[in-house]
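Thanks, everyone, for making time this morning. I would like to walk through one model with you, slowly, and I will give each cut-off as we come to it.

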Amino acid sequence: DRPRILLTRPDVAGSEHLDRAAARLGADVVRLPVAAGAAEPDPSALRAAVVDADAVLAQPGDVLDAGVLRGAPRLRVVAVAGVGVDRVDLDVARELGVRVTNTPGVLAETVADTAMALVLMARRRLVEATDTMRDGRWTGADPTAFLGHDVAGARLGILGYGEIGRAVARRGQGFGMQVRHLERPSAPADGVSSPLGLEELLRGSDVVVLALPLTPQTRGVLDAAALDLLPPGATVVNVGRGPLVVEADLLAALRSGRLHSAGLDVFDGEPRSDPDDAVMRTPGLVVLPHVGSASVATRAAMTRAAVANIEAVVRGDEPPAPADR
Ligand code: DGY
């Protein structure tokens, strides 16, 4: 009986790595179709397809909850092509002996570029300026128009000082920002950024970047009380997961003018596509459709890393990047 590897999309960048590994393993690859006009598989189709899979190459948004995992008796590994494993029930996976892996080491620079792009777009009101020109509303040199705030000299506070946070810190330093991060016992001193407690960090940050994983401890870390600690006119950027921020509190702070701006690549509930959704229409808010790691090379590297995890587990070895211990 040949092992079956489920790819939860019809195709992904770097899928040749999967085909090669499958050939080495004597395994079959099952590619899950998506409905016309959709980018993600229907949850019921995903659930049905996992039933006879030995391995799943999943995207970070794929829901592999207790019901899906318990309905898959052959499953040995869920290899997420990404770093966030918040949609996988890690407790049930552990109970069932299903390994869960991710892909550190390949996406931090790309995600940090996205974070820095959001900082610049939000702080300098660049999307508003682009929209004005595209709409044919550029009426000439107005010395009072589109005045944003400089990033040089601004205080950058980073929540989440893993590899993405550290890559954001290097960029911030390159742009002349004063860089600090939320203290973390395991983060080595690097001379780029100084560690601070949450309250002190928020009180002294003109720009906050969230690069935390979503866990029960980090959910809602930026709520109204936390936002109130920021100096007036600050900017919040989130490239981690949407629920790190209490969205209603963020939108209220933007509407009241307490916050200058925000940049979000991630949302509580994705995808968000209703043009009347408040996130599309709140002044000062720049939105991106979860493209943090979306470069050709990085997406291929993520697939390759996920495939290496699958290959190890199917061979009975320890995977290179376990996310379950
Ligand atoms: C991740 O790595 O978790 C990102 O969300 C993928 O883009």
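I will go from the domains to the ligand shell, then to single residues and backbone angles.

A word on provenance before anything else: this is a predicted model, in which local features need pLDDT of at least 70 and side-chain atom pairs count only at pLDDT 80 or more, while totals for chains, interfaces and linings use all residues. Residues are numbered from 1 along each chain as its sequence is written.

Let me begin with the domains. The chain is divided into domain 1, made of 4–106 + 295–315, and domain 2, which is 108–287, with the bounds coming from an automatic or database domain assignment. The C-alpha centres of domain 1 and domain 2 lie 31 Å apart. Across the boundary, six residues of domain 1 are in contact with six residues of domain 2, where contact means that two C-beta atoms, placed from the backbone, lie within 7 Å. On the side of domain 1 that touches domain 2, the residues divide into one nonpolar, four polar and one charged; for this purpose Ala, Val, Leu, Ile, Met, Phe, Trp, Tyr, Cys and Pro count as nonpolar, Asp, Glu, Lys and Arg as charged, and the others, Gly among them, as polar.

The UniProt record, an unreviewed entry, carries its own ranges, given in the numbering used here, with shortened feature names and with annotations that may be inferred rather than shown by experiment. It lists "domain: D-isomer specific 2-hydroxyacid dehydrogenase catalytic" over residues 40–321, and over that range the chain is 36% helix and 15% strand, with the end C-alpha atoms 25 Å apart. Helices (H or I, at least four residues) and strands (E, at least two) are DSSP runs, numbered from the N terminus. The same UniProt entry type, again unreviewed, gives "domain: D-isomer specific 2-hydroxyacid dehydrogenase NAD-binding" for residues 116–292, where the chain is 31% helix and 18% strand and the end C-alpha atoms are 11 Å apart.

Which residues are around the ligand? They are Pro60, Gly82, Val83, Gly84, Leu107, Gly292 and Ser293, a residue being near a molecule if its C-beta atom, placed from the backbone, lies within 6 Å of it. By class, this shell has three nonpolar, four polar and no charged residues.

Ser293, from that shell, sits in the loop between S12 and H12. Is Ser293 buried or exposed? Ser293 counts as buried because 25 C-beta neighbours lie inside 10 Å; the rule is that 20 or more other C-beta atoms within 10 Å of a residue's own, placed from the backbone, make it buried, 12 or fewer exposed, and anything in between partly exposed. Beyond residues up to four places away in sequence, Ser293 touches Gly82, Leu107, Thr110, Val111, Thr298, Arg299 and Met302.

Thr103 lies in the loop between strand S5 (99–101) and helix H5 (108–123), and it is buried because it has 26 C-beta neighbours inside 10 Å. Leaving aside neighbours within four places in sequence, the contacts of Thr103 include Gly82, Val83 and Met302. Thr103 and Ala79 are 24 residues apart in sequence and 8.4 Å apart in space, C-alpha to C-alpha.

Val56, in strand S3 (residues 55–58), is buried because 31 C-beta neighbours lie inside 10 Å. Its C-alpha atom is separated by 6.0 Å from that of Ala79, 23 residues away along the chain, and Ala79 is also among the contacts of Val56, together with Leu6, Thr8, Val50, Leu75 and Val78.

Finally, the backbone angles. Phe146, in the loop between helix H6 (126–134) and strand S6 (155–159), has a positive phi of about 60° although it is not a glycine, and it counts as exposed because it has 11 C-beta neighbours inside 10 Å. His290, in the loop between strand S12 (285–287) and helix H12 (296–315), also is not a glycine and has a positive phi of about 50°, but His290 is buried, because 20 other C-beta atoms lie within 10 Å. Just after H12, Gly316 takes a positive phi of about 90°. A cis peptide bond joins Glu270 and Pro271, with omega about 0°, and Pro271 is placed in the loop between strand S11 (259–264) and helix H11 (278–281).
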